[in-house]
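This report concerns the salt bridges, the central helix packing and the nonpolar cores of one protein model. The sequence and structure are shown first.

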Amino acid sequence: GEEITANVLNDLPDTYVVLHDVAMPGSRANLDHVVVGPTGVFTVETKHYGANVDIQRGVARSRGRSLDGVVRQAERQATAVTAIVGVEVTPLVVVHGAQVSVSPKRATPVVDGVMFCSTRRLVARITERPTVLAPDVVDRVADSVAARLRQR
């Protein structure tokens, strides 16, 4: 799944920097991917589900089981990177093997600030956001992430 996500992230415009398999600060865990670009900084957690992820009333579920653990994991990752780079980091969970549905239909697939999307929507979910970082800031933040978080 992480390799699929990495290949999809390769489709981001050249104005984005992507780091793969980054050591989580203060932990033996890893960050699947960190993306830095004009639309912000993102931690990307890859998950594979055999059933759709349904988001209703601020809760994500797959086959009726709560995905609160995944939401908390994504939040912790984003918080750790925020502390290092000094800009807000958006946590994103990309779902392989299933679709992400929200109710009501026009709602945003977000739970407690964690964005969810399917593999095919990943690039759009990142690039369709408003521009918040100037090119020099993108470079500075990407350099900071690369220097302070080692890739495995």
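A salt bridge is defined here as a side-chain nitrogen of Lys or Arg within 4 Å of a carboxyl oxygen of Asp or Glu. By this rule the count comes to four salt bridges. The model is a predicted one, in which local features need pLDDT of at least 70 and side-chain atom pairs count only at pLDDT 80 or more, while totals for chains, interfaces and linings use all residues. Residues are numbered from 1 along each chain as its sequence is written, and side-chain values use heavy atoms, with hydrogens and water left out.

**Salt bridges**

Three of the pairs, including their N to O distances, are listed below.

| Pair | Distance (N to O) |
|---|---|
| Glutamate 75 and arginine 72 | 2.8 Å |
| Arginine 72 and aspartate 112 | 2.9 Å |
| Glutamate 128 and arginine 121 | 3.5 Å |

Arg72, Glu75 and Asp112 are linked in a network of salt bridges. Within it, glutamate 75 and arginine 72 both lie in helix H2, three residues apart, about one turn of the helix. Helices (H or I, at least four residues) and strands (E, at least two) are DSSP runs, numbered from the N terminus. An α-helix has 3.6 residues a turn, so residues three or four places apart point the same way. The pair of arginine 72 and aspartate 112 links distant parts of the chain: arginine 72 belongs to helix H2, whereas aspartate 112 sits in the loop between S9 and S10, 40 residues apart.

Accessibility is classed as buried under 20% relative accessible area, exposed over 50%, and partly exposed in between (1.4 Å probe, protein chains only). Glutamate 75 is partly exposed because its relative accessibility is 22%, and arginine 72 is partly exposed at 31%. Aspartate 112 is also partly exposed, with a relative accessible area of 47%. In the pair outside this network, glutamate 128 counts as exposed at 57%, while arginine 121 counts as partly exposed at 26%.

**Helix H2 and its surroundings**

Helix H2 (residues 68-85) has 18 residues and reaches 26 Å from its first C-alpha to its last. This is close to the 26 Å expected at 1.5 Å a residue, where the expected span is 1.5 Å times one less than the number of residues. Among the buried residues of H2 are Val70, Ala74, Ala78, Val81 and Val85. The buried residues of this helix pack against strands S2 (30-37), S3 (40-48), S7 (89-96), S9 (110-111) and S10 (114-118), and against helix H4 (135-148). Just after H2, glycine 86 takes a positive phi of about 75°.

Proline 91 lies in strand S7 and is buried, with a relative accessible area of 8%. Contact means heavy atoms within 4.5 Å. Not counting residues up to four places away in sequence, proline 91 touches Thr43, Ala74, Glu75, Ala78, Gly113, Val114 and Met115.

**Nonpolar cores**

A nonpolar core is a set of buried Ala, Val, Leu, Ile, Met, Phe, Trp, Tyr and Cys residues joined through side-chain atoms within 4.5 Å. Of the 20 residues in the largest nonpolar core, Val36, Val41, Val85 and Val145 touch the most other members. Strand S1 (17-23), S2, H2 and H4 each supply at least two residues of this core, and H2 gives the most, with five residues. Apart from this core lies another, of 15 residues, among them Ala60, Val70, Val102 and Val111. Valine 85 touches Val141, Ser144 and Val145, not counting residues up to four places away in sequence.
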